[in-house]
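The report that follows describes one protein chain through its sheet, its helices and a few individual residues. Please read it with the sequence and the model side by side.

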Amino acid sequence: MIHVMIADDHKMVREGLKNLIEFDNRIRVIDEADNGNECIEKLRYRKPDVLLLDINMPDINGMEVLEILVRKKICPRILMLTVHSEMEYLIKSLDMGADGYLLKDSDSHELIRAIHCVYEGEKFIQPSMIPVLNSKLIARDLDREKVESLSNREVEVLKLVAAGLLNKDIGSKLYISERTVKNHLSNIFRKIECSDRTQAAVFCIRNGLVSLDD
């Protein structure tokens with residue numbers, strides 16, 4: 001028997017999921033939570049095999065719940081169940097330790113298959129998202145190679161470009177000449193395959209070298 005807990009802030013959604021899931025007599029819903037705090041609290045004493053975790057919840061959202069559960073090693077199999085079809089949510093969920101990602105417009109057979117997959121230790125990804133995911137991961141691997149090709153000094157220069165500094169200001173900040181800054185930029189543009197400062201800044205942000213809040 002697979003024991004499941006549902007964390008979703010809509011009661012009708014929880015009830016609908018429970019009815020769909022329990023059509024499979026190998027699965028039983030043992031508890032529910034309607035917000036992130038309640039989910040975390042109940043998992044202190046409830047031990048489901050699989051947690052169905054909605055991303056959009058009050059107080060603490062599903063991504064934050066996922067982070068807390070992984071960090072505290074309170075780790076049932078976690079299947080993200082969401083309306084978000086954006087690739088960023090999927091990739092971030094997997095990177096953070098989720099075992100699966102399923103959209104709420106999936107049919108009951110897909111839901112039950114996803115539960116069985118993650119329970120058995122396999123990853124489950126919404127089938128319609130797999131082709132785009134693969135292309136994104138390939139691009140991310142290529143970006144990682146580009147980042148690793150940069151020297152420490154080139155990374156420093158790139159970060160300052162992303163912060164909006166001009167060559168003269170970058171030189172002053174790093175105690176190097178403006179000509180040296182230009183040489184670094186030429187090497188950076190070649191290595192990361194971009195043609196201007198805007199593209200370099202986007203590359204820097206996309207790869208987490210700086211954040212939009214910096």
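Two strands are said to pair if DSSP finds at least two bridges between them, and helices (H or I, at least four residues) and strands (E, at least two) are DSSP runs, numbered from the N terminus. The model is a predicted one, in which local features need pLDDT of at least 70 and side-chain atom pairs count only at pLDDT 80 or more, whereas totals for chains, interfaces and linings use all residues. Residues are numbered from 1 along each chain as its sequence is written, and side-chain values use heavy atoms, with hydrogens and water left out.

## The sheet

The strands form an open sheet of 6 members with parallel pairing, and their order is E2-E1-E3-E4-E5-E6. Strand E2 (27-33) and strand E6 (124-125) are at the edges with a single partner strand each, so one side of each has no neighbour in the sheet.

Within this order, strand E1 (residues 2-7) pairs with strand E3 (residues 50-53) in the parallel sense through 4 bridges, and methionine 5 stands opposite leucine 51 in E3. E3 is also joined to E4 by 4 bridges, again running parallel, and here leucine 51 has isoleucine 78 of E4 as its bridge partner. Leucine 51 can therefore be followed in both directions, to methionine 5 and to isoleucine 78, under the bridge criterion for pairing given above.

How many of the 6 residues of E4 are buried? Buried means under 20% relative accessible area, exposed means over 50%, and partly exposed lies in between (1.4 Å probe, protein chains only). By this criterion 5 of the 6 residues of E4 are buried, so the strand is largely enclosed by the rest of the structure.

## Helices across the sheet

For the packing of helices, contact means heavy atoms within 4.5 Å, while axes are lines fitted to C-alpha atoms, for helices over the stretch in contact, with angles from 0 to 180 degrees between N-to-C directions. Helix H1 (residues 11-21) lies across E1, E2, E3 and strand E4 (77-82), and runs at about 170 degrees to E2. Helix H3 (residues 62-71) lies across E3 and E4, at about 175 degrees to E4.

Two residues of H1 can be examined further. Glutamate 15, which is found in this helix, counts as partly exposed at 40% relative accessibility, and its C-alpha atom is separated by 9.4 Å from that of glutamate 32, 17 residues apart along the chain. Leucine 20, also in helix H1, is partly exposed with a relative accessible area of 33%; leaving aside neighbours within four places in sequence, leucine 20 is in contact with Ser108, Leu111 and Ile112. The C-alpha atoms of leucine 20 and glutamate 148, 128 residues apart along the chain, are separated by 47 Å.

## Helices H9 and H10

The expected span of a helix is 1.5 Å times one less than its number of residues. For the 15 residues of helix H9 (residues 178-192) this gives 21 Å, and the end C-alpha atoms are 21 Å apart, which agrees. Val181, His184, Leu185, Ile188, Phe189 and Ile192 are buried in H9. These residues cover an arc (that of the directions from the helix axis to the C-beta atoms) of only 135 degrees around the axis, which puts them on the same side of H9. An α-helix has 3.6 residues a turn, so residues three or four places apart point the same way. On the other side of H9, Arg179 and Arg190 are exposed.

In helix H10 (residues 197-206), the buried residues are Ala200, Ala201, Phe203 and Cys204. Their arc of only 160 degrees around the axis puts them on the same side of H10, and the face turned away from this buried side carries the exposed residues Thr198 and Arg206.

## Loop residues and cysteines

Two residues that are not glycine have a positive phi, as tabulated here.

| Residue | Phi | Loop | Relative accessible area |
|---|---|---|---|
| Aspartate 59 | about 70 degrees | between E3 and H3 | 61%, exposed |
| Glutamate 193 | about 60 degrees | between H9 and H10 | 61%, exposed |

A disulfide is a pair of cysteine sulfur atoms within 2.5 Å, and the structure holds 0 of them. Cysteine 194 is in no disulfide, and the nearest cysteine sulfur, that of cysteine 204, is 10 Å away. Cysteine 194 counts as buried at 12% relative accessibility, and cysteine 117 is buried with a relative accessible area of 14%.
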